[in-house]
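Let's take a walk through this chain together, one piece at a time. Have a look at the sequence and the model first, and then we'll dig in.

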Amino acid sequence: MTITPDPIAPIAAAAIEHMNSDHADAVLAYVRGLAGIAWAKQALITSLEAGGIEIQVSGDERTTSVLIPFEPPLTHPEQLRPALIALAQKARHHLEADAQVESPLPIRNAELPHLLLNAIANRRSFALQDLTAEPIAREAVTLMLEAANWAPSHGQTEPWRFVVYSGAARQILSEAFGTAFRLLNPNLPAGSPGEEGQRNRVWQASVWIAIGMQAHPKRPEWEELIAVGCAVQNMHLMASALGLAGKWTSGAYATHPHVAEVVGFTPGTRLLGFFYVGHPAAHEWPRGRRRSLAGKVIWHEE
């Protein structure tokens, strides 16, 4: 019987020493992020083969060993380094996705309620032609997404999901919107004014944020929809507070199945449109109007 030598064997010992001494944080991430051992405090690679990594784990007066597989198994020593890097990236992605963010301490002062109402009352929806092409700092978009992430959800399902497009990456949406137009208007010739309009609209806003809903299977869909709506409202309020103009667009092209496929949400995540945002073209912020509360509220006090 012929035993096939492990292709990683010639470099395994050196790789183990290198990982344990120079990349202990990555080894610890392997067991926390990929094996789900949250109590791990120390992790040491004990064996490295083409099929995977064996790691000894300790922490909280416990010890165990775990095998992290290479999928697919390695066939050449040159595959080891990129495979280890890919596992570390995957592990850290899982850890970041599961990380909990704690809310800041509340600020209480007499002006805050009035400032909050002012921010809410001055949220406006802007048409694309009312925006400029001036870029938006990534920090501003991050603030908008942070605000969205503090929306309420029943059972803390947090169903909102986002994909951000800016700069040259907007070409992806340009192609997607153009294709969606052709699919919905098969009788029109390629390159029709309507198709070109869909392709060109992405360049009118600096940033486009795809809005997705990953509904919890045990929650009513309408509750999850409301939660995503609250998240987008928070995002819009932050945009307005930053002096930025935006709008949630959810027409047939923005929610088309082809566009959803291009955005690449995980299976089961529903595309609900896009929030586009940019700098307002006009110097004066538009005023809003609402009908009085008188016909919308009934009070019972006695």
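How do α1 and α2 lie to each other, roughly parallel or roughly perpendicular? Hold that thought while we get the ground rules out of the way. This is a predicted model, where local features need pLDDT of at least 70 and side-chain atom pairs count only at pLDDT 80 or more, while totals for chains, interfaces and linings use all residues. Residues are numbered from 1 along each chain as its sequence is written, and side-chain values use heavy atoms, with hydrogens and water left out.

**Two pairs of helices**

Helices here are DSSP runs of H or I with at least four residues, strands are runs of E with at least two, and both are numbered from the N terminus. In general, two packed helices are described by the angle between their axes and the distance between the axes. Axes are lines fitted to C-alpha atoms, for helices over the stretch in contact, and angles run from 0 to 180 degrees between N-to-C directions. Here are the two pairs:

| Helix pair | Angle | Axis distance |
|---|---|---|
| α1 (residues 9-22) and α2 (residues 24-34) | about 95° | 5 Å |
| α5 (residues 138-149) and α8 (residues 221-241) | about 145° | 7 Å |

Back to the opening question: with an angle of about 95°, α1 and α2 are therefore roughly perpendicular to each other. The cut-offs go like this: under 35 degrees is roughly parallel, over 145 is roughly antiparallel, 65 to 115 is roughly perpendicular and the rest is oblique. Where do these helices touch? Met19, Asn20 and Asp22 in α1 meet Ala24, Ala26, Val27 and Tyr30 in α2, where contact means heavy atoms within 4.5 Å. Sorted by class, that contact has five nonpolar residues, one polar and one charged. For the classes, Ala, Val, Leu, Ile, Met, Phe, Trp, Tyr, Cys and Pro count as nonpolar, Asp, Glu, Lys and Arg as charged, and the others, Gly among them, as polar.

Now for the other pair. From α5, Leu143, Met144, Leu145, Ala147 and Ala148 meet Ala231, Asn234, Met235, Met238 and Ala239 of α8. By class, this contact has nine nonpolar residues, one polar and no charged ones.

**The three-stranded sheet**

As a general point, strands of a sheet pair through backbone hydrogen bonds, either parallel or antiparallel. For two strands to count as paired, DSSP must find at least two bridges between them. One open sheet has three strands in the order β1-β2-β3, with antiparallel pairing. Strands β1 and β3 stand at the edges with a single partner strand each, so one side of each is left without a neighbour in the sheet. On average, neighbouring strands are turned by 20° against each other, direction ignored. Helix α2, which we met above, packs on this sheet and touches β1, β2 and β3, its direction making about 95° with that of β1.

Let's zoom in on the strands. Seven bridges join β1 (residues 42-49) to β2 (residues 52-59), and the two form a hairpin with two residues between them. Across this pairing, Leu44 stands opposite Gln56, and Ile45 stands opposite Ile55. Next, β2 pairs with β3 (residues 62-69) over eight bridges, with Gly52 opposite Pro69. These two strands also make a hairpin with two residues between them, and Asp60 in the turn has a positive phi of about 55°. Glu61, found in the loop between β2 and β3, has a positive phi too, near 60°, although this residue is not a glycine.

A bit further along, a cis peptide bond joins Glu71 and Pro72, with omega at about 0°. Pro72 has its place in the loop between β3 and α3 (80-98).

**The four-stranded sheet**

What order do the strands take in the open sheet of four? It is β4-β5-β7-β6, with antiparallel pairing. The edge strands are β4 (160-166) and β6 (245-249), each pairing on one side only. From one strand to the next, the twist averages 20°. Strands β6 and β7 (residues 269-278) pair over five bridges, and Lys247 has Tyr276 in β7 as its bridge partner. Helix α6 (residues 170-184) lies across β4, β5 (207-214) and β7, running at about 105° to β4.

**Stepping back**

Overall, the chain has nine helices and seven strands. Its radius of gyration (taken over C-alpha atoms) is 26 Å, well over the 19 Å that the globule rule gives for 302 residues, so the chain is more spread out than a compact globule. That rule is 2.2 Å times the number of residues to the power 0.38. The C-alpha atoms fill a box of roughly 85 × 65 × 40 Å, taken along the principal axes.
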